[in-house]
Amino acid sequence: MSLTDRLLDLVFPRSCAACAEPCSGDAFCGACRADLEALPDGLGLFDYAGPVGDAVRAAKYDGRPEAMPAVAAEVARALPRALRDDPPQWVVAVPLHPRRRARRPLDAPGLLARAVGRSLGARVERRGVVRLRDTPPQAGLSALERVANVQGAFAAHPRVAGLDVLVVDDVVTTGATLQAVADALMRGGAARVRAIAAAGVAPRGPLLALGDEAALTRGAVAQLGE
Ligand SMILES: [Zn+2]
């Protein structure tokens, strides 16, 4: 039994991953389950303002890490057809800095990447991308500050050359972090980079021109480089 399954067993009989109301037999209560609708487009598969976003916040900030496997299960189920028909060779998570991982034991992107990789039958490469320097959290920064904050923060494993890669994160707002990771992979010679996040925030104002700007707004799977 995997750790995720054990965590799911722990969370199922307890409480809804999103609203923490008691529920059984499902990770989300009936009301939240009814609101779980995959977004038609955008980098995020689900709305950050909905139950999946609630569960992500609960896991990361409210001391309920057991809510994240429920998110991972929904993400794995909601993966777009385009990915299933044309799966990547590597799935990589947006890496936390080792210091941050030590402070916050929940590696949400890593957990999501493992669920996505399992669902697609694709290899999850833990060292596909590394974080070269710690960066302040993106929350609270403007779109422009977010780009500057993460620029040059990542490096790709040399073995990525020629591969088709999917980058996975928990939350996407402006797409600056995903783009910085994609840039590192492309610099490392990746043949193609796509990206998804569990939850997306509708950006206030236009997305910045980060390479192929259209890629960030088009389709549930964004193509960030080819
Ligand atoms: Zn609920």
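Let me begin with a pair of helices: helix 3 and helix 4 pack at an angle of about 145 degrees, and their axes lie 8 Å apart. The contact itself is made on one side by Val52, Ala55, Val56 and Ala59 of helix 3, and on the other by Met68, Ala70, Val71 and Glu74 of helix 4. Sorted by class, the residues of this contact are 7 nonpolar and 1 charged, with no polar ones, and the crossing of the two helices is left-handed. As background, residues three or four places apart in an α-helix point the same way, because such a helix has 3.6 residues a turn.

Before going further, I should say that what you see is a predicted model. The mean pLDDT of the protein chain is 81, and 80% of its residues reach 70 or more. Confidence is highest in strand 3, residues 123-124, at 98, and lowest in helix 10, residues 213-217, where the mean is 37. Over residues 204-221 the pLDDT stays under 50, and for that stretch the model has 34 contacts beyond four places in sequence, which I will leave aside today.

Now to the chain as a whole, which has 10 helices and 8 strands. Of its 226 residues, 43% are buried. If we take the contacts between residues at least 6 apart in sequence, 72% of them join residues that are at least 24 apart.

Let me return to helix 3, which is mostly covered, with 8 of its 11 residues buried. The buried ones are Pro51, Val52, Gly53, Asp54, Ala55, Val56, Ala58 and Ala59. Which elements do the buried residues of helix 3 pack against? Besides helix 4 (68-78), they pack against helix 2 (30-35), helix 7 (108-120), strand 1 (44-47), strand 6 (164-172) and strand 7 (192-200). Just after helix 3, Gly63 takes a positive phi of about 70 degrees.

One residue of this helix deserves a closer look, and that is Asp54, which lies in helix 3, residues 51-61. Is Asp54 buried or exposed? Asp54 counts as buried because it has 23 C-beta neighbours inside 10 Å, where 20 or more are required. Leaving out residues up to four places away in sequence, Asp54 touches Ala18 and Cys19. The C-alpha atoms of Asp54 and Ala67 are separated by 9.3 Å, the two residues being 13 apart along the chain.

Following the sequence one place on from Cys19, we come to Ala20, whose place is in the loop between helix 1 (3-11) and helix 2. Phi of Ala20 is near 70 degrees, a positive value in a residue other than glycine, and as a general matter most residues other than glycine have a negative phi. Ala20 is partly exposed, because 16 other C-beta atoms lie within 10 Å of its own.

Finally, I would like to turn to the largest nonpolar core, which has 60 residues, and in which Val71, Leu112, Val167 and Ala198 touch the most other members. The largest share of this core, 7 residues, comes from helix 9, residues 176-187. Val71 is also one of the residues through which helix 4 meets helix 3. As for Leu112, its contacts, not counting residues up to four places away in sequence, are with Ala72, Val75, Ala93, Val168, Asp170 and Ala198. In soluble globular proteins, nonpolar side chains tend to be buried together.

Definitions and conventions
Residues are numbered from 1 along each chain as its sequence is written. A nonpolar core is a set of buried Ala, Val, Leu, Ile, Met, Phe, Trp, Tyr and Cys residues joined through C-beta atoms within 7 Å. A residue is buried if 20 or more other C-beta atoms lie within 10 Å of its own, exposed if 12 or fewer, and partly exposed in between; C-beta atoms are placed from the backbone. Helices (H or I, at least four residues) and strands (E, at least two) are DSSP runs, numbered from the N terminus. Two residues are in contact if their C-beta atoms, placed from the backbone, lie within 7 Å. pLDDT is the predictor's confidence in each residue, from 0 to 100. Axes are lines fitted to C-alpha atoms, for helices over the stretch in contact, and angles run from 0 to 180 degrees between N-to-C directions. A crossing is left-handed if the near helix is turned anticlockwise from the far one by less than a right angle, and right-handed if clockwise. Ala, Val, Leu, Ile, Met, Phe, Trp, Tyr, Cys and Pro count as nonpolar, Asp, Glu, Lys and Arg as charged, and the others, Gly among them, as polar.
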